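Q: Please take a close look at how the side chains meet one another here, beginning with the charged ones. I would like one connected explanation, with the reasoning spelled out where a cut-off decides the matter.

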Amino acid sequence: MLSCGMDSKIKLWEVYGKRRCIRTYAGHAKAVRDIVFSNDGSKFLSASYDRMIKLWDTETGACLSRFTTKKIPYCVQFHPDDDKQHCFVSGMADKKIVGWILTRGDNTGV
């Protein structure tokens with residue numbers, strides 16, 4: 001399970017057994033508003049008040065990509081289909097929904 005908060009950190013929790021924090025991910029400059037795992041759990045997205053959406057590798061903790069429209073992202077969600085996990089959407093502070101394709105390489109919305 002992932003959690004995020006006002007301290008700008010993301011935490012991965014063990015929900016069975018000891019119920020402890022396994023890893024802490026740092027990389028946002030401001031509070032993190034939303035997080036979501038990919039279907040296989042190997043990656044996750046985070047949306048922050050620093051106006052950045054970041055794609056993370058769950059295992060290594062590395063930030064794989066960064067995305068911005070220069071607006072605050074309120075929520076993020078991967079496409080639900082396994083064969084379309086390279087696509088995600090974000091709900092932005094300017095009341096727009098932005099679609100993203102990870103394979104484009106330019107880190108701009110569609």
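A: A salt bridge is a side-chain nitrogen of Lys or Arg lying within 4 Å of a carboxyl oxygen of Asp or Glu. The model shown is a predicted one, and with that in mind we can apply the rule to Asp81 and Lys84, whose side chains meet with 3.7 Å from N to O, so that the pair counts as a salt bridge. In general, side chains of opposite charge can pair when their charged atoms come close. Asp81 has a relative accessible area of 34% and is partly exposed, and Lys84, also with a relative accessible area of 34%, is partly exposed as well.

How many salt bridges does a search of the whole structure find? The search finds two, and the other partners to look at are Arg20 and Glu14, whose closest N and O atoms are 3.0 Å apart. Arg20 is partly exposed at 43% relative accessibility. Glu14 stands at 21% relative accessibility, and because buried means under 20%, Glu14 counts as partly exposed and not as buried.

From the charged pairs we can turn to a nonpolar place on the surface, where Met1, Val15 and Tyr16 form a patch with about 370 Å² of accessible area together. Val15 sits in the loop between β2 (9–13) and β3 (21–26), and with a relative accessible area of 37% this residue is partly exposed.

Aromatic side chains also meet one another, and by the rule for ring pairs the count comes to eight aromatic pairs. One of them joins Phe67 and Phe88, with 5.2 Å from centre to centre and 75° between the planes, which makes the pair edge-to-face. Phe67 belongs to strand β7 (residues 63–67) and Phe88 to strand β9 (residues 87–92), so this pair ties together parts that lie 21 residues apart in sequence. Both Phe67 and Phe88 are buried. Phe88 also pairs with Phe78, and here the ring centres are 6.4 Å apart with the planes at 65°, so this pair is edge-to-face too. Phe78 is part of strand β8 (residues 73–78), so its pair with Phe88 in strand β9 ties together parts ten residues apart in sequence. The accessibility of Phe78 is 4% and that of Phe88 is 2%; both values are under 20%, so both residues count as buried.

Elsewhere, Tyr25, Phe37, Phe44 and Trp56 form one aromatic cluster. Thr58, which is found in the loop between β6 (53–57) and β7, touches several residues that are more than four places away in sequence, including Tyr25, Phe37 and Phe44. Thr58 is buried at 12% relative accessibility.

Trp56 leads us on to Ser46, since the side chains of Ser46 and Trp56 are joined by a polar contact of 2.8 Å. A second polar contact, of 2.6 Å, runs from the side chain of Ser46 to the side chain of His28. Ser46 is found in strand β5 (residues 43–48), and its relative accessible area is 0%, so it counts as buried. Beyond its neighbours within four places in sequence, Ser46 is in contact with a list of residues, among them Ile10, Val32, Asp34 and Ile35.

Ile35 deserves a moment of its own, as it is found in strand β4 (residues 32–37) and is buried at 15% relative accessibility. Leaving aside neighbours within four places in sequence, the contacts of Ile35 include Leu2, Cys4, Ile10 and Leu45, together with Ser46. For a sense of distance, Ile35 and Met92 are 57 residues apart in sequence and 14 Å apart in space, C-alpha to C-alpha.

The last stop is Trp100, placed in strand β10 (residues 97–101) and counted as buried at 2% relative accessibility. The side chain of Trp100 makes a polar contact of 2.9 Å with the side chain of Ser90. The C-alpha atoms of Trp100 and Ser42, by contrast, are separated by 18 Å, with their positions 58 residues apart along the chain.

Technical notes
Residues numbered from 1 in each chain as written. Predicted model: local features only at pLDDT ≥ 70, side-chain atom pairs only at ≥ 80, totals over all residues. Heavy atoms only, no water. Helix = DSSP H or I, 4+ residues; strand = E, 2+ residues; numbered from the N terminus. Buried < 20%, exposed > 50% of the residue type's maximum accessible area, 1.4 Å probe, protein only. Polar contact = N/O pair within 3.5 Å; in protein donor to acceptor, adjacent residues only side chain to side chain. Contact = heavy atoms within 4.5 Å. Patch = residues over 30% accessible without salt bridge, like charges linked within 9 Å, V, L, I, M, F, W, Y side chains within 5 Å. Areas by Shrake-Rupley, 256 points an atom, 1.4 Å probe, with all protein chains shown as cover. Phe/Tyr/Trp six-rings, centres within 6.5 Å; stacked < 30°, edge-to-face > 60°.
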